[in-house]
Amino acid sequence: MKKDLKAALLTAVVYPGAGHFSLKKHLIGSIFAGVFSILLILTLKDIFAIAQCTANELVSGKIPMTIAGILKAAQQPSDECAKLAEYKYVPLMVVIWLLSIVDAYRLGKKSSK
């Protein structure tokens, strides 16, 4: 498999920066992986905040303690919990991932010459 295609596929399928590591471009791979990881952690923090809010409502009795009530709360959080669900980092995560794929492909093409 060509280096450029291998690097782009590794980055697309495994994790941003993975293709850079296969090309021995450790610094740029670390930057892509690090930035993406920070954004992923921040997104997971938001998700856990929503889950905690929903759990608090369940314990306080706002949500009935039935399977149907819990499923409904998970699918449609209350207005109070929904405020926490901004997912503001997800578009930036997609951009970072796409930039990483394009850059891995570019560097793979460059190293093949």
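The largest nonpolar core of this predicted model is made up of 5 residues: Phe32, Phe36, Leu39, Met93 and Ile96. Two helices, H3 (26–60) and H6 (90–112), each supply at least two residues of this core. H3 gives the largest share, 3 residues. To see how the parts meet, start from Ile96. Leaving aside its neighbours within four places in sequence, Ile96 is in contact with Phe32, Val35, Phe36 and Leu39. Of these partners, Phe32, Phe36 and Leu39 also belong to the core.

From the core, turn to the chain as a whole. The chain has 6 helices and 0 strands. Read from the N terminus on, its elements run α-α-α-α-α-α. The radius of gyration of the chain is 20 Å, whereas the globule rule gives 13 Å for 113 residues; the chain value is well over this, so the chain is more spread out than a compact globule. The C-alpha trace spans about 65 × 20 × 15 Å along its principal axes.

Next come burial and contacts. Of the 113 residues of the chain, 28% count as buried. Among the contacts in the chain with a separation of 6 or more, 64% are between residues 24 or more positions apart. The pairing of Ile96 with Phe32 is one example of a contact in this chain.

Last, consider the surface and the charges. The accessible surface of the chain comes to about 7,600 Å², and carbon and sulfur atoms account for 70% of this area. The chain carries 14 positive and 7 negative charges, and the mean positions of the two groups are 18 Å apart.

Terms used. Residues are numbered from 1 along each chain as its sequence is written. This is a predicted model: local features need pLDDT of at least 70, side-chain atom pairs count only at pLDDT 80 or more; totals for chains, interfaces and linings use all residues. Side-chain values use heavy atoms; hydrogens and water are left out. A nonpolar core is a set of buried Ala, Val, Leu, Ile, Met, Phe, Trp, Tyr and Cys residues joined through side-chain atoms within 4.5 Å. Buried means under 20% relative accessible area, exposed over 50%, partly exposed in between (1.4 Å probe, protein chains only). Helices (H or I, at least four residues) and strands (E, at least two) are DSSP runs, numbered from the N terminus. Contact means heavy atoms within 4.5 Å. The radius of gyration is taken over C-alpha atoms; the globule rule is 2.2 Å times the number of residues to the power 0.38. Accessible areas come from the Shrake-Rupley method with a 1.4 Å probe; for residues, only the protein chains shown count as cover. Lys and Arg count as positive and Asp and Glu as negative; His and the chain ends are not counted. The place of a charge is taken as NZ of Lys, CZ of Arg, CG of Asp or CD of Glu.
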